[in-house]
Every structure is written in C-alpha cells, then in structure tokens.
Number of protein chains: 2
Amino acid sequence: MVSLEILKKLTIKTPAKIVLVVMDGVGGLPHPETGKTELESAHTPNLDEIAKEGICGLMDPIAPGITPGSGPAHLALFGYDPIEYEIGRGVVEALGIGFDLQPTDVAARGNFATTDDKGIIVDRRAGRIETEKTQELCQMLQENIKLSEGEVFIRPGKMHRLVAIFRGENLSGELTDSDPQKEGKSPRPVTALSPEGRRTASLVNEFIEKARMLLKDRPRANILLLRGFAKHPQIPTMSDIYNLTPAAIATYPMYRGLAKLVGMEILSVGVSLKDEFEALKENYARFDFFYLHLKETDTAGEDGDFRRKVKVIEEFDCFLPIINELQPEVLIVTGDHSTPALLKAHSWHPLPFVLKSSWCIPDRITKFSERACRNGSLGRFSALSVMLLAMAHALKLGKYGA
Amino acid sequence: MVSLEILKKLTIKTPAKIVLVVMDGVGGLPHPETGKTELESAHTPNLDEIAKEGICGLMDPIAPGITPGSGPAHLALFGYDPIEYEIGRGVVEALGIGFDLQPTDVAARGNFATTDDKGIIVDRRAGRIETEKTQELCQMLQENIKLSEGEVFIRPGKMHRLVAIFRGENLSGELTDSDPQKEGKSPRPVTALSPEGRRTASLVNEFIEKARMLLKDRPRANILLLRGFAKHPQIPTMSDIYNLTPAAIATYPMYRGLAKLVGMEILSVGVSLKDEFEALKENYARFDFFYLHLKETDTAGEDGDFRRKVKVIEEFDCFLPIINELQPEVLIVTGDHSTPALLKAHSWHPLPFVLKSSWCIPDRITKFSERACRNGSLGRFSALSVMLLAMAHALKLGKYGA
C-alpha cells in the first residue's frame, strides 16, 4: 500500500483534468424474471462506448463482503483508507443536513422519543412524528436552551431525527451515548471515555436535562436521545495529497459535506442532473478535478424500484456526451457502493468501474455492467486504487524510486 | 484490512445457514498425458452446476507462492490471519490426536528413533515401527516417568510418532528442538529461547533423559526426539467474532482439533463420506455454520495417485445433492490448499472456489476447476476474504460506517 505521504512526493501539477463520476448505489442484482441486473437491463450506449474505449474492472469499496455506508465508501474513492479515517456518525449527520461544522465542534445524531411516567423508553422514535413537528420542536429547544458555557445548535432531520452540535473550547467527542438503543430501558447519562471528555459530558448532560424539562409534558416527543458523538476528523485535503484543485458537484447535503471534508470546493448547483452537468461545463476551466455525484440510482435502489433505477441509469447515460465534449484527460465512471433494488439497501457487491484516457490499453468490453466489467484488465480491485489510477492516467504522478 | 474487532461489531445473528465444504488438497496440476488437472479430469456435474449458479474465483490460502500446512490454511479459511495467529506444530499434533489441551500446556511432537552406540541417530523413524508398538512404548513411559515438578502426558500417534504434553505452572513453549531433523547427528539438548523458558527446558531435558534410560536397551526405538514445542494460541472463537454457532464435520483428528481451536462444536461422525453427510443432515437444525472436511483428495494427492484423486472427487460430487436439498443460504466449496498428484505434496497453487447464494450475480462458469474458476467475478483473492463473503451473502453483516 502506497501511503499518502509517499504519494504526496510523487504528484505533479499539470493542467490535465480528471472527472470522477459517482453513480450512487449503481451496482445491483439480477431481476428474478430476466436474470439481468439494473445496469444489464438499461440501454446505455454512451456508458458502453466508454467501457469499450477504457479499462474496466470490478471494484470493492472497502473489502470483499463489507457493506459500506456512504461516508467510508466515498473516502475510499477519494483515496483515504476508510478504516484509518473514521468519520463519526454525528459528523456524517451534521454534514448530511448541510451544517457548517467547524473542526472544534462536537456533533451527535439524536431523535425524539417517548418515555413512560417512570422514565422508561416506550418508543425510541416518538411514534415517528412528522418532520414538521420535529422542526417546530427543534426551534423551540433552540430558542429556550442556554448552556452554562459554549453553544448548542439543534437541527431537525427527517421525521423524529435531529442533529445536536456543541460548540465551545476544548470539547471532546469521546463520549458514551445517552440512547440505550433499546426500548424498555432508561436513557443513560452521557459519560466521558477519556479525562478530556469530562467537561463535555457534563455540558451534554446539562443540555439533555434542559431539553427534558421543556419536553416532559408532551404526549409523544417527551425526551431527546443522543448518540454517535464525534468531531470532524483531521484529514489532509486532496490539494495537500494530490496537488489538485478539486471541485464537487452534488445535489445532496451529505455528499457536499463529504467533499468538503476532504477539501473540495463545493459548486453551486440546482437540483437536477441537467444542473449538475451545467455546473461542470461552467466551472470546467477553474479546476483540474471534478467529483460529480448522481444520487437517484441509490434512492431507487433503496426504494426497491428496479424499473426506476434502470430509468435513472438510462437518463444519466444521455448526459454523458457533455463530458465527452469537454475531453477530460481522465474520465472515471463507477459507484460508491451497490444498492440492489432486490435488497432495498446498500450491499457488499463489487461495482463496475471504467477509466478512459489516452494512456490506457482499451479493454474492448462492450457493456458497462457488473458481469461485463469483471473481464476488464483491472480485475477485482480496491476503491483505494482509484485515485492512483486517475492521477497516473492524467500523467500527474512521477516515478517512485530511481 | 478489516480487523476482527471491527467485524465483531458488524455481525448480525440470523437463522441463515452457511455450509463451508473443504476438499483437502483439491487443487492439482495437469497430467502430462492429457494436459488436464485432477478436477478437469473428473466428471462433476453437481460441482459444475454450483459453479454455474454461484460466484467463482481462484483463492490463495496465504499469499501467492506460499505453500501452507493444514493449520495455517484452515485458519485462513476460518478468517484468522495465519501470520498473526501462529499455531505451533506441537499444538497441531496434540489437536490431531484429540488431546484436550489446556491453555497453559506445552506440547511437542515427537518420534521414536534409533541411535548407534555412540549416540548418533541412525534412523529418525526407528524403522517406522508399528503403531501398536508405539502405543505400548508410550504407555510404558507414561507409567514409569515422574518429573521433579509438573506432569507429562505421552500419547502415541501413527507409526513412530508421538506427542508429549507438559503440564505445570508458568511453562513456556519458547524452546529449541531436541530433534536435529537429520540422521548422522546426535540429539540436541533442549534450550530456552527466552529467560522464561529456562525452567521448562530443564524439565523437558529431564523427561528426555528419563525416557532414554527406559528405552536404551531396545534395538530400534531406543531414543525419543522432540520438536515444535508450543502452547495453545489465544484465539477468539468463531462465536465471538461472527456470532455464529459453528459445527465441524471431519473424520481426521487434526481437522477436528483445528475446528475446536476456533471454538466449533465437533460432531460425532463415522469414517466415510456418507457418515459426514449424514451428520450434516442430522445436525442441520442445531447450528448456523458447518465446516465439512473431505480428507481423501489430499491423501491421494500426497500418494501421487492422480487417478484415485479424480475418483475421490467424483465420489464426492455424488453427495452434493444432499446439501442442495438442505438449501443452505450460503454454500461454499473449495479446498484448504493444493496437493497436486504430480508433486506428491502440498503446493502453493491457488484453489478453485465457488460460493452459491440467492444474493450473488451468477458467473455462469460451466466447470468447477482451476482454469474455469479464474474467470469468475472474485478474480484472484485471499482465503481471508472467505468468511467475509460467507457472512455477507448470508445477510449476517451490517453496514460499515454511516
């Protein structure tokens, strides 16, 4: 494994451009009726043409058999070992709602819950209250809670979910959860996992208690549970490592947050695929690396909607000529993880991958799909190789050793 | 690399069943006359059907080029890095004879040998004396030897082989061999490789001397040689790591011992393949993981009997419908290492591998063999991935990260 430290010394700044297209959750499983996966079912002349001209393979996001969350899957694609660079759940959630997290902030994911009169949790999700209700409650708590020191930001998520961000001096994320993650138990006091966390623990407990007093007379959302306390991890930026000027084009806050975490500039973009490709064209001169994210493949997979996932892939395929016109020195198309419609969830399956550049020996694979790409020259490989391959094929990596 | 600690946190207990079939030494080399390997020569309609429905690959037990012993090869299959979890030869032998080794015991493999009147070893195997004779001698030594402290257990193996197990307080396995492993040399005194081993070394030397006095007037077995001193390694069990309830079906003590080492329940089983498959059926409801071991492929390979190895593979193939009827969620068929009849020994060659489950994209490989499996979607991969793949395809692994 080539360390980031070694890599740093090999990078060369050039005008060559790299475009990394991530079709979220693109990998699938065969439909029981046709025996074809989502990609195999889709009509994708442009993707197939790229597969024919480029080098293909099957990529493992983390390791064979491991199903990744979006955080680790993206970190791996950007060249960061996701086992080494762990992102706490609270941070992922804060990024997901688009909160401008500072390096000293401690974030936790939370949810409203229901306790009985003895303080036992009877419903961890407060009857899955509506998002609007959660927004209202978060605002009420935000307006009424003042901590003895520092600040707390209470932001609503979907349904019963929320994010709490603590800001202050010398805060620590090494804390236990207040959420016992089971019904029939009492909420736990938050305790420090290291001496540095003691002050933060008492601050968090103070917050939880103040929230409890404000919520206690409500029938459903009468308590707030917190878990996954974490700080923004210290990560070297992509500019530091690769000597790149990277930009992210993504419509969902989570992916914008992940890109920001590794130092990408987040481009303003609308909500549609067309907007994303417009943003790529408009900003093409200003950067030498673009991460372009397509969310809808994953959403359709999570919904178990095979047909919609096929359609999203086909729609996406129509936009690819825009990239071809820009003629980037390196174009990569892959996913961050698989989300087979049959499983309605992220999965461990390896992903089809293609890299096109003037400096590769075309594999002449005729279809961009799970089964076709396995015959490509990259074989089965780790997502941690993606940035190395991108940099190399853009002629941005010098010789290792004499 | 995903550590066992991380893995532990991802496991989910479900009723889904995994069957891991290990055809010992199944990998081979092409016969000079036909150009076909043992597997390629065998008629195996059932194995071929599994290959068609599952995902295939070529598996390296340890690393390309490394020929494994049975111990490390099996540890890797069970998901334990064999470089990290080293099992001393003495322990493997003790497990092989079914001795109930305690964590503080030190075990060594031994053999009766013949020395001349100057004490030079003239036959390291004492003329390959019969097993019955070795049993008799071991009993005689056991009855007559009392050590100055602790205990020693002397257990016969096959022919001239034996196992010596030392039991006492603070014993160490860090000792040199008494067996010079060559004829024409004298036995060596056992010495400690670390200060902690000094007391154990003198205890072992006391034992060897007492045995010598009792054996010295015999014509053949007039001395006893010891090597491979080792303690039972501290290994987390498969239940600990994978949250499985695992069972082993194996007719040979060595494999039963290896399975016990990782915490499997060892099922009572007769001596034939039929008995093994009967045991699988009878115990199917009680466990969620089965390791089923076939020894005869390895034995035929070690004997250099190409034709018998082909026949054993074909016989085994006939039993596979029994597993199909049980419909395990995950079925894996592979070997622990190759034992090509042409080499009459274990070898480094990678092994054909197939995994069948409802959650895989079938590779449509039409033959279970070394050459056919290399076109599978798993490509060339490490045995350390096997348990991850098994757990994932049984839907027994949660998501890594958010």
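In the predicted model, residue A:P68 stands opposite B:Y400, a residue of strand β14(B). The strands concerned are β3(A) and β14 of chain B, the latter spanning residues 399-400, and they pair in the parallel sense over two bridges. Strands of a sheet pair through backbone hydrogen bonds, either parallel or antiparallel.

This pairing belongs to an interface in which 26 residues of chain A are in contact with 17 residues of chain B. On the side of chain A that touches chain B, at least two residues each are supplied by β3 (67-68), α4 (70-77), α5 (89-96) and α13 (370-373) of chain A. Divided by class, that side of chain A comprises 14 nonpolar residues, seven polar residues and five charged residues.

The relation between the two copies was examined by superposition. Chain A is brought onto chain B, with an RMSD of 0.9 Å, by a rotation of 121 degrees accompanied by a shift of 0.1 Å along the axis. The two copies are thus related as by a three-fold rotation axis. Among the residues of chain A, A:G379 comes closest to this rotation axis, its C-alpha lying at 3.7 Å. Of the interface residues of chain A, only 4% are also interface residues in chain B, so the copies meet through different surfaces.

Within chain B, an open sheet of eight strands is found, with mixed pairing and the order β9-β8-β10-β1-β11-β12-β2-β13. The edges of this sheet are occupied by β9 (265-266) and β13 (380-382) of chain B, each of which has a single partner strand, so that one side of each is left without a neighbour in the sheet. Strands β1 (residues 18-23) and β11 (residues 330-334) of chain B pair in the parallel sense over five bridges, and B:V21 stands opposite B:V333 of β11(B).

Helix packing was also examined in chain B, where helix α3 (residues 45-53) and helix α12 (residues 306-326) pack at an angle of about 55 degrees, with their axes 7 Å apart. At this angle, which falls outside the range of 65 to 115 degrees counted as roughly perpendicular and is not under the 35 degrees required for roughly parallel, α3(B) and α12(B) are therefore oblique to each other. The contact is made by B:P45, B:N46 and B:L47 on the side of α3(B), and by B:D317, B:L320 and B:P321 on the side of α12(B). By class, the residues of this contact between α3(B) and α12(B) divide into four nonpolar, one polar and one charged.

Note on methods. Residues numbered from 1 in each chain as written. Chains lettered and ligands numbered in written order. Predicted model: local features only at pLDDT ≥ 70, side-chain atom pairs only at ≥ 80, totals over all residues. Contact = placed C-beta atoms within 7 Å. Helix = DSSP H or I, 4+ residues; strand = E, 2+ residues; numbered from the N terminus. Nonpolar A, V, L, I, M, F, W, Y, C, P; charged D, E, K, R; others polar. Pairing = 2+ DSSP bridges. Least-squares fit on C-alpha atoms with pLDDT ≥ 70 in both. Axes fitted to C-alpha atoms, helices over the stretch in contact; angles between N-to-C directions. Parallel < 35°, antiparallel > 145°, perpendicular 65-115°, else oblique.
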